[in-house]
Amino acid sequence: MIEPIVDADWVRNHRDRVILADARCYLDGRSTRAAYDSGHLPGAVYVDLDAYLAAPPSPADGRHPLPTPETFAEGLSAAGIGDGATVVAYDDEGGVMAARLVWLLRALGEDAALLDGPPEAVAPLTTEAPPARFAAFTPRPWPEAKLASIDETAAAAESGAAPVIDARPAERFRGDLEPIDPRPGHIPGARNVPCRENLDNGRLLRVDALRARFTDAGLTPDGEYIAYCGSGVTACHNLVVAEHAGFTGGKLYPGSWSQYSADGSRPAATEE
C-alpha cells in the first residue's frame, strides 16, 4: 500500500497513475464547491465531504457520522474513483479535512495518501474542470476493527486500557469554549493532541517530532489507540499522521464529541 503521506515531488513523479481529490470542508458555512471552482489542482476531482464522506447529522450519531457504504461508493464512482485507484487528497488547511477521505479509503484497503504541503506546491491552480469520468467503486462495510463505539471509547479513556486522543484545539479540549457542540469539555481520561499542531506553516512536522507528540500521548508503535475530535473528521488527520510516524493501531470513534456531549448522562471533563 502507498505511504499515508506524500509530498509535491512524489505527486509530480507519479502524476500519470494517481487521482487527485480536492476534499475541503469548512465549518463556517463557506461553499467547498465554490472554493474548488475558484482554483484547484489541474485534473483534480471534487469530493463533497458533507454529501459523500458523512451521513446526515443527528444528536444520536453526531455531526459527521460515517456515510453508508453505498453513499460513499456513489460519490467516489461519480468522481471517477474506482476500485484499485491510487488517490492523493488535499485541502487548503494542511490536510486536516482531506484526511477523512484518505482514512476511509485506507480503512477499506485502498491506496490513498494525504498531500503534505499546499496544493500550489504541486502545480499552479486552475479553474478548468477536469473531463467528466465515471468509475465503479464497490460498496463495502466499514471494518469494525478500525472503529470504536461510544462505550468502548469512554471505557478505554477511563481505564487507560488504550490511549484515547482528542484532535480538537486545546481551548475546546479544556472546555474554555464550545462554539459547535452541546457541551464543553472532553471525554474523561482522553489526552489532547491538537491535529493542527501536527503542522508548521502548512507542512507536517518532521517525523521525529510527530513521533514524540504521539509517544507523549501514550501511543506505542503496535498498540491500539482511539482517535476522536468534534465530529470524526479531523481525528482522521491524527490517524493518518500517526500511521506516517509509525503508529499503526489506530481506531476512529466516528461520533466523537458531537455525539458524546449530546448524551447528558455521560460525564465531561474540563481539566488538562
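The legends below accompany several close-up views of a predicted model.

**View 1. The whole chain, with its 10 helices and 11 strands.** The radius of gyration of the chain is 18 Å, close to the 19 Å that the globule rule gives for 272 residues, so the chain is as compact as a globular protein of that length. Taken along the principal axes, the box filled by the C-alpha atoms is roughly 50 × 40 × 30 Å. Of the 272 residues, 54% count as buried, and the accessible surface comes to about 11,300 Å², of which 51% belongs to carbon and sulfur atoms. When contacts between residues at least 6 apart in sequence are considered, 77% of them join residues at least 24 apart.

**View 2. An open sheet of 5 strands, in the order E1-E5-E4-E2-E3.** The pairing in this sheet is parallel. At the edges stand strand E1 (5-6) and strand E3 (45-46), each with a single partner strand, so one side of each is left without a neighbour in the sheet. Within the order of the sheet, E4 lies between E5 and E2, and the next view turns to this strand.

**View 3. Strand E4 (residues 86-90) and the strands that pair with it.** Strand E4 is mostly covered, since 5 of its 5 residues are buried. The cover is found on both faces of E4, with Thr86, Val88 and Tyr90 buried on one side and Val87 and Ala89 buried on the other. Strand E2 (residues 19-22) pairs with E4 in the parallel sense over 4 bridges; here Asp22 stands opposite Tyr90, while the bridge partner of Ala21 is Ala89. Strand E5 (residues 111-115) also pairs with E4 in the parallel sense, over 4 bridges, and Leu114 of E5 stands opposite Ala89. Ala89 can thus be followed from Ala21 to Leu114 in E5.

**View 4. The β-α-β unit made by E4, helix H5 and E5.** Helix H5 (residues 99-107) joins with E4 and E5 in a unit that is right-handed. The two strands of this unit are themselves paired in the parallel sense, and both belong to the open sheet of 5 strands.

**View 5. Pro42, in the loop between helix H2 (32-38) and E3.** Pro42 is partly exposed, with a relative accessible area of 37%. Leaving aside residues up to four places away in sequence, Pro42 touches Arg15, Leu20, Ala123, Pro124 and Thr126. Tyr228 offers a point of reference elsewhere in the chain, for Pro42 and Tyr228 are 186 residues apart in sequence and 33 Å apart in space, taken from C-alpha to C-alpha.

**View 6. Helix H8 (residues 207-216) and the buried residues Leu210, Arg213 and Phe214.** These buried residues cover an arc of only 90° around the axis, which puts them on the same side of H8. What covers them includes strand E6 (164-166), strand E9 (203-204) and helix H9 (235-244). Just after H8, Gly218 takes a positive phi of about 100°.

Definitions and conventions: Residues are numbered from 1 along each chain as its sequence is written. This is a predicted model: local features need pLDDT of at least 70, side-chain atom pairs count only at pLDDT 80 or more; totals for chains, interfaces and linings use all residues. Side-chain values use heavy atoms; hydrogens and water are left out. Buried means under 20% relative accessible area, exposed over 50%, partly exposed in between (1.4 Å probe, protein chains only). The arc is that of the directions from the helix axis to the C-beta atoms. Contact means heavy atoms within 4.5 Å. Two strands pair if DSSP finds at least two bridges between them. A crossover is right-handed if, with the strands pointing away from the viewer, the path from the first strand over the helix to the second runs clockwise. The radius of gyration is taken over C-alpha atoms; the globule rule is 2.2 Å times the number of residues to the power 0.38. Accessible areas come from the Shrake-Rupley method with a 1.4 Å probe; for residues, only the protein chains shown count as cover.
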